[in-house]
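Please open the model in a viewer and keep the selection tool at hand. This tour proposes one selection after another and states what is found at each stop.

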Amino acid sequence: MVAKVIDGKAFAANVRAQVAAHVARLKEQNGITPGLAVVLVGEDPASKVYVRNKHASTIEVGMESFEHRLPAETGEAELLALIDRLNADPAVHGILVQLPLPGHLNSELVINRISPAKDVDGFHISNVGLLGTGQKSMVPCTPLGCLMMLRDHHGKLAGLNAVVVGRSNIVGKPMAQLLLGDSCTVTIAHSRTKDLAEVCKRADILVAAVGRPEMITGDMVKPGATVIDVGINRIERDGKAKLVGDVHYDSAAAVAGAITPVPGGVGPMTIACLLANTLTACCRANGLAEPEGLTA
């Protein structure tokens, strides 16, 4: 068996095109432009790249982009005051504080200062609770992207056995909640799960989000299963730097029915879903119909 490759890059381009079309209609029919504010504190190189990419993508789909770059020594009171201003600004529909923050800042306090309705990362404790109880919420971008790709590949997910390897608040736990919401039978596993290979081999859908390079191998995959690899790990192989996922791609692809590659799988969906969440937040704020197919 040779697995179908789920092309996240192409899928993300399609999501961005859908968002852009909806934004254009909002402007034409309602005179509204969705706005995303991104806050970057400090000079972390990776964070600067992420913020630059988010800005470019926001502009590309016709949204307003509001960047706020603050020095690394910015105090908590100053950062919270900025968030308060963004919460009160009607032109801003989504707020994202780029993580990680400098060590002297309390990330949980900062994230929970964002209005839940503008929390397009889906990290606010209110959104976590709403998602966990099956209510309308803002959903974390990476799990939302995974769900979109799974729905596209399978159609209906009801009744499928899903195993999520990883229990982080950012991916593992919300991914499990989303799969439950689509009526999957869900197991959350992790690096300390006993007989992890046997647990994984029962999965029709296997989501790897454990943060360990190539931990999931082909002998852990049920023949014909759909494998979603969320991991992004930089390793050195044959004297060269290489980007790999949490799944050993070659061995898993020989067994699976479908698989996401790394790079080019889940990664491109994260920013696409950030844009989709901003659009959703804008529609909700204005009492308009949510964009079809772009929410959980």
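**Stop 1: the lining of the largest pocket**

Begin with the residues that line the largest pocket and colour them by class: 24 are nonpolar, twelve are polar and six are charged. The model is a predicted one. The pocket itself has a volume of about 1,200 Å³. To find its centre, select Tyr50, Thr142, Ile232, Gly267 and Thr270, which are the closest to that point among the 42 lining residues. Next, display the elements that each contribute two or more residues to this lining: the helices α2 (45-60), α6 (141-154) and α10 (267-285), together with the strands β4 (94-97) and β9 (233-237).

**Stop 2: the two domains**

Into which domains is the protein divided? Select residues 31-116 for domain 1 and residues 141-266 for domain 2, and give each a colour of its own. The centres of the two domains, taken over C-alpha atoms, are separated by 29 Å. With these colours on, return to the largest pocket: domain 1 and domain 2 each supply at least three residues of its lining.

**Stop 3: the second largest pocket**

Now move to the second largest pocket, which has a volume of about 500 Å³. Select Phe123, Ile125, Val128, Asn169 and Ile170; of the 21 residues in the lining, these are the closest to the centre. Where does this pocket lie with respect to domain 1 and domain 2? It lies between them, because both domains give residues to its lining.

Three helices may be highlighted here, since α4 (107-111), α5 (125-132) and α7 (172-181) each provide at least two lining residues. The greatest contribution is that of α5, with five residues. By class, the lining consists of eleven nonpolar, eight polar and two charged residues.

**Stop 4: a histidine between two helices**

Select His124, which is located in the loop between α4 and α5. Is this residue buried or exposed? His124 has a relative accessible area of 7%, and the limit for a buried residue is under 20%, so it counts as buried. Its side chain reaches the backbone oxygen of Ile114 at a distance of 3.5 Å.

**Stop 5: regions and sites recorded in UniProt**

Select residues 6-121. In an unreviewed entry, UniProt places the feature "domain: Tetrahydrofolate dehydrogenase/cyclohydrolase catalytic" on this span. In the model, the span is 49% helix and 16% strand, and its end C-alpha atoms are 24 Å apart.

Then select residues 140-284, where UniProt, again in an unreviewed entry, places "domain: Tetrahydrofolate dehydrogenase/cyclohydrolase NAD(P)-binding". This second span is 36% helix and 21% strand, with its end C-alpha atoms 17 Å apart.

Which residues does UniProt list under "binding site"? The unreviewed entry names Gly166, Arg167, Ser168 and Ile232. Of these, Ser168 and Ile232 are included in the lining of the largest pocket. Centre the view on Ser168, in the loop between β5 (161-165) and α7. Ser168 has a relative accessibility of 32% and therefore counts as partly exposed.

**Stop 6: two strand residues**

Select Asn233 in strand β9. Asn233 is buried, as its relative accessible area is 11%. Show the side chain of Asp246 as well: the side chain of Asn233 makes a polar contact with it at 2.9 Å.

Continue to Thr226 in strand β8 (residues 226-229). Thr226 is also buried, with a relative accessible area of 1%. Add Ala37 to the selection and draw a line between the two C-alpha atoms: Thr226 and Ala37 are 189 residues apart in sequence and 35 Å apart in space.

**Stop 7: an exposed aspartate**

The last selection is Asp219, in the loop between β7 (205-208) and β8. Asp219 has a relative accessibility of 56% and, because the limit for an exposed residue is over 50%, it counts as exposed. Display Thr217 next to it: a polar contact of 2.5 Å joins the side chains of Asp219 and Thr217. Finally, add Ala252, which is 33 residues from Asp219 along the chain; the C-alpha atoms of these two residues are separated by 7.5 Å.

Key. Residues are numbered from 1 along each chain as its sequence is written. This is a predicted model: local features need pLDDT of at least 70, side-chain atom pairs count only at pLDDT 80 or more; totals for chains, interfaces and linings use all residues. Side-chain values use heavy atoms; hydrogens and water are left out. On a 1 Å grid over the protein atoms alone, a cavity is a set of points where a 1.4 Å probe fits but cannot get out, and a pocket is an open set with protein on both sides within 12 Å along at least five of seven lines; lining residues have an atom within 4 Å of a point. Grid points are joined across faces, edges and corners, and a volume is the space filled by probe spheres set on the points. Helices (H or I, at least four residues) and strands (E, at least two) are DSSP runs, numbered from the N terminus. Ala, Val, Leu, Ile, Met, Phe, Trp, Tyr, Cys and Pro count as nonpolar, Asp, Glu, Lys and Arg as charged, and the others, Gly among them, as polar. Domain bounds come from an automatic or database domain assignment. UniProt positions are given in the numbering used here, feature names are shortened, and annotations may be inferred rather than shown by experiment. Buried means under 20% relative accessible area, exposed over 50%, partly exposed in between (1.4 Å probe, protein chains only). A polar contact is a pair of N or O atoms within 3.5 Å; within protein, one must be able to donate a hydrogen and the other to accept it, and residues adjacent in sequence count only if both atoms are side-chain atoms.
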